[in-house]
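Trainee: I would like to go through this model and ask how each label is justified.
Mentor: Good. Ask, and we set each value against its rule.

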Amino acid sequence: MSLLDIQDLHVSVDGKPILDGISLRIEPGEVHAIMGPNGSGKSTLSHVLSGREGYEVTAGQVSYLGRNLLDLEIEERAHAGVFLAMQYPVELPGVNNTQFMRTALNAHRTANGEPPLDAVAFMKRLREQMGTLQLDDKLLKRDVNSGFSGGEKKRNEILQMAILQPRLAILDETDSGLDIDALRVVADGVNALRSPERSMLVITHYQRLLEYIRPDHVHVLAKGRIIRSGGPELALELEEKGYAWLLEDAA
Amino acid sequence: MTSRPDVIDQAIAREYTQGFVTDIESDTLPPGLDESVIRTISARKQEPDWMLQERLKAYRHWREMPLPDWAHLDCPPIDFEAISYYSAPKSQGDGPRSLDEVDPELLRTYEKLGIPLDEQKALAGVAVDAVFDSVSVATTFRKELAEAGVIFCAISEALREYPELIRKHMGSVVGYADNFYAALNAAVFSDGTFVYVPEGVRCPMELSTYFRINESRTGQFERTLIVAEAGSHVSYLEGCTAPMRDENQLHAAVVELIAMEDARIKYSTVQNWYPGDAQGRGGIYNFVTKRGECRGDRSHISWTQVETGSAITWKYPSCILRGDDSIGEFHSVAVTRGRQQADTGTKMIHLGRNTRSTVVSKGISAGEGQNSYRGLIRMGKRAEDARNHTQCDSLLIGDRSGAHTFPYMEVLNPSAKVEHEATTSRIGEDQLYYCRSRGLSEEEAVSMIVNGFCKEVFRELPMEFAVEAQKLLDVTLEGAVG
C-alpha cells in the first residue's frame, strides 16, 4: 500500500481553480521534491494535504495509508502522522514553546492510545533533538515563534517534526530566507529523520536545498499540473536552464 | 468544511452552571425605596442610631443625583422603584450564628457552588463569609482568627459588636457623595464583610466572602471594609454567582480598603454573576465602587480581578497612594462574550512621594462582547519621583466583538513618570490552523492562547484560586471542553 496516493486532484480557492488535476504516489521511505515557479500551486498542495480551510476540492481523491485523507479534520491528520513544516510559521504570543510541543505530542499520544509523557521524560526527548538542530536552550523558554529569527523559526519547525515523528513530512519552502549555514543545519536535521517508514514531500523553488536533501523523485509543478517528473538529475537540469523551456514545452 | 464564525461560536458557547435557584422561604421587603424602607433595614439589623442617620443623609443626597451616563455601555434605564432592597432567608433571622444553626438548605446551596461551609471540608487555610441576598449566613474559622486577633465577620454584626471601629473607618475612603451607586449603597447596604487586622499581625489564613443573589427582583448592596493596621498583612478573595433569571438584577457594592504604615492588603475577585442569555435577556448589572487607600508610608494594596460574568460590569478598583513610598497594583482579566459589556479599569491617585503603581489589564472579547479599559493615572503636586506603568492588552475572538481603551493621565509633578503600553490582537485563523496542524483541538488551541494571554494576571491570584480561575476561563470560552 502506498503511503500517499493523490489522484487527479482539482482544488479551487474562492472559486478560482489552482490545482488542475494532480496525481502523485509516494511509497514509504521515499523523498519526493516538488519544484516550480511562483504561483504554480505548490503551497496550495501542502495546505490541502494538511487540511487548511478555504481550499475547495472540486474533483479527485487523496488516499493516505488506505484512508480517505480529505475526510479527516486537521488535527486528525496530524494524529495520523501528517506533518507540515510551514513556510511562514505562526507566532503564538504567551504560549511557551516547550509547553506547546509537549501538549502537541501528548495530544498525538492520547489520540493513538498511548499514555501522555510526563515533563521529565519529555524534556529528555527534547534535549536529544536540540543538539542536532543547534538550537539555543533559550528558545525553549520563549513563546512559540515570537521574536524568533527566520532561521530559528524554520529550525523550530524541524524540531517539532523530530518530536512528533510523522509518517509523512511535508516541507513547504523550508529553505526560503535561510543563509547557507542555516540551510545546512536544517538539512542535517531533516536527513537525520529519514527512515524506511517515513516519507517526505519537499516543496522548493530552488535546487539548492536538494543538494543537501537528496530526493528520490523530482516533479515540476506549473499552472496547477505536474508537467514533468524524473530523478534527482531533473533538479540539476532546472538549475541550469530555468523553468521557461518546460513551460513552453507544456504549452 | 465548516465556516469559521460557526466554529468560533461553538467554541465560546457554554452553560452557566451556577444558575440554579435555592427554594427557601424569604423575608423580602416589597419593591420600592423611601425613608421607611431605610428605617426598616436599619431596624432589622439593630443598628445604632448614628448609622441610620448616615443612611438617611446618603439617601437624601442620592435622590438629587443624576444617573451617570459617561461609561461606554449600552444600559437601559433602571427602575429603582421595581427593586426590593432587602431579602433574607426566613430561617436565618438576623445575622449568622454557629454553623449548626444555619439552614441545611443554605449549606447545600454553598456545597453545590463548591464552597463547603463545613470547616472539616473547607479548603485548608481559607476562611469564608457566606452572604446570601441581603444577609451573611455563615462565617467560618472565626475561632482560629480570633486567636490571632483578626476580626472577620458580617458587617451588620460588626456594627453591633465593634461600632467604634466601623464609625471611624466606614465612608472614609468612599464617601456617600462619591458617586450615584455609592450613594445608593450607603443608603441601603444590607450586609457584607468586615475585616480588621491589628498592628503587626499577619493574617494566618486567606479570607474570602462568597456572594450569592437568590431572590428575584432583588438588588444586592453589600459593603465590605478591610482595615490593616501598621505592619499587618491580609489576603482576601471574593466570589460571586446568581441564578439564571430573565430579568436584570442590580448589584451595587462598595468596598473600602485601608492600609496603614507598612501594611499590605491583597484583594482578589473572581466575579461570575449570571451574564444573561445569548439574546442579552437577564443577567446582573454589576455597578461597584472599590477603592483602597494606602494611608501609611510604605503601605501596599493590590487588586486582582477575574471578571467573567454579569450582563454589564462597571467598576474601577482604585488606589489612593497617600503614604510616601506606598505601592498600588491592579491586575485584571475581563472577559465578555454573547451580549456582555464591561467598562472596567482602575484609578491610581499618587499623592505621596516616591509612590509606585502598576496596572496590567487583559480584556478578552468574544461573540458580540464589548470590553472597555478605562484608567486614570493622577500624579499629584507632592508626588515627587512617582512612577506608573500601565500595560493594557486586548484579545479579540471572532469578528463581531469589540475592545476599547480610554486612558486618562493627569501629571502635576514634573519628576513623575507615567508609562502606558497597549496592544490589541485577535486569535487568528492562522493561529488555530497552526495549533491544529500540530494535533491540538480547536478548544485546546483557544484555551492555550487565552491562558497565555492572561498568565501575568493569574500569577497574582492566591494559589488555591489561580487554578479555579483558569478553569472558569476555560468553561467560559470553550463550552464543550470540561
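**Labels and their reasons**

Mentor: We start with B:Glu456, which counts as partly exposed at 33% relative accessibility. Keep in mind that this is a predicted model.

Trainee: Why is B:Glu456 called partly exposed?
Mentor: Buried means under 20% and exposed means over 50%. B:Glu456 has 33%, so the label is partly exposed.

Trainee: What makes B:Lys362 buried?
Mentor: Its relative accessible area is 5%. The cut-off for buried is under 20%, so B:Lys362 is buried.

Trainee: How do you know that B:Glu456 and B:Lys362 form a salt bridge?
Mentor: Their side chains meet at 2.9 Å, N to O. The rule asks for a Lys or Arg nitrogen within 4 Å of an Asp or Glu carboxyl oxygen, so the pair qualifies.

Trainee: Which parts of chain B does that pair tie together?
Mentor: B:Glu456 lies in helix 10 (residues 442-458) and B:Lys362 in strand 19 (residues 356-365), so parts 94 residues apart in sequence are tied together.

Trainee: What makes B:Glu54 and B:Lys57 a salt bridge?
Mentor: The closest N and O atoms are 3.5 Å apart. The limit is 4 Å, so the pair counts. Both residues lie in helix 3 (residues 49-63) of chain B, three residues apart, about one turn of the helix.

Trainee: Are B:Glu54 and B:Lys57 buried, exposed or partly exposed?
Mentor: B:Glu54 has a relative accessible area of 35%, and B:Lys57 has 37%. Partly exposed lies between 20% and 50%, so both get that label.

Trainee: Turn to chain A. How do you know that A:Arg225 forms a salt bridge with A:Asp20?
Mentor: The closest N and O atoms are 3.6 Å apart. That is within 4 Å, so the rule is met. The pair links distant parts of the chain: A:Arg225 is in strand 12 (residues 225-230) and A:Asp20 in strand 2 (residues 16-26), 205 residues apart. A:Arg225 is partly exposed at 42%, and A:Asp20 is partly exposed at 32%.

Trainee: How many salt bridges are there over all chains?
Mentor: A search of the whole structure finds 34. Five of them cross the interface of chain B and chain A.

Trainee: What makes B:Arg436 and A:Glu53 a salt bridge?
Mentor: Their side chains meet at 3.4 Å, N to O. The limit is 4 Å, so the pair qualifies. A network of salt bridges links A:Glu53, A:Glu73, A:Glu75 and B:Arg436.

Trainee: How much area do chain B and chain A bury between them?
Mentor: About 2,300 Å², 58% of it on carbon and sulfur atoms. In chain B, B:Tyr433, B:Tyr434 and B:Arg438 lose the most area to chain A, together 35% of what that side buries. The contact takes 20 residues from chain B and 35 residues from chain A.

Trainee: Now the empty space. How many cavities of 30 Å³ or more are found?
Mentor: The search of the whole structure finds nine. The largest holds about 90 Å³ of space. Its lining has 15 residues, and B:Ser361, B:Gly363, B:Asn371, B:Ser372 and B:Tyr373 lie nearest its centre. Among the elements that give two or more residues to this lining are strand 19 and strand 20 (370-379) of chain B.

Trainee: How do the lining residues of the largest cavity divide?
Mentor: Into three nonpolar, ten polar and two charged.

Trainee: Next, the backbone. What is notable about the phi of A:Asp14?
Mentor: Most residues other than glycine have a negative phi. A:Asp14 is not a glycine, yet its phi is positive, about 50°. A:Asp14 sits in the loop between strand 1 (4-13) and strand 2 of chain A.

Trainee: Why is A:Asp14 called exposed?
Mentor: Its relative accessibility is 79%. Exposed means over 50%, so A:Asp14 is exposed.

Trainee: And what about B:Arg298?
Mentor: B:Arg298 has a positive phi near 55°. B:Arg298 lies in the loop between strand 13 (283-294) and strand 14 (300-307) of chain B. Its accessibility is 42%, between 20% and 50%, so B:Arg298 counts as partly exposed.

Definitions and conventions:
Residues are numbered from 1 along each chain as its sequence is written. Chains are lettered from A and ligands numbered from 1 in the order in which they are written. This is a predicted model: local features need pLDDT of at least 70, side-chain atom pairs count only at pLDDT 80 or more; totals for chains, interfaces and linings use all residues. Side-chain values use heavy atoms; hydrogens and water are left out. Helices (H or I, at least four residues) and strands (E, at least two) are DSSP runs, numbered from the N terminus. Buried means under 20% relative accessible area, exposed over 50%, partly exposed in between (1.4 Å probe, protein chains only). On a 1 Å grid over the protein atoms alone, a cavity is a set of points where a 1.4 Å probe fits but cannot get out, and a pocket is an open set with protein on both sides within 12 Å along at least five of seven lines; lining residues have an atom within 4 Å of a point. Grid points are joined across faces, edges and corners, and a volume is the space filled by probe spheres set on the points. Ala, Val, Leu, Ile, Met, Phe, Trp, Tyr, Cys and Pro count as nonpolar, Asp, Glu, Lys and Arg as charged, and the others, Gly among them, as polar. Contact means heavy atoms within 4.5 Å. Buried area is the accessible area (1.4 Å probe) that two parts lose on being put together, summed over both.
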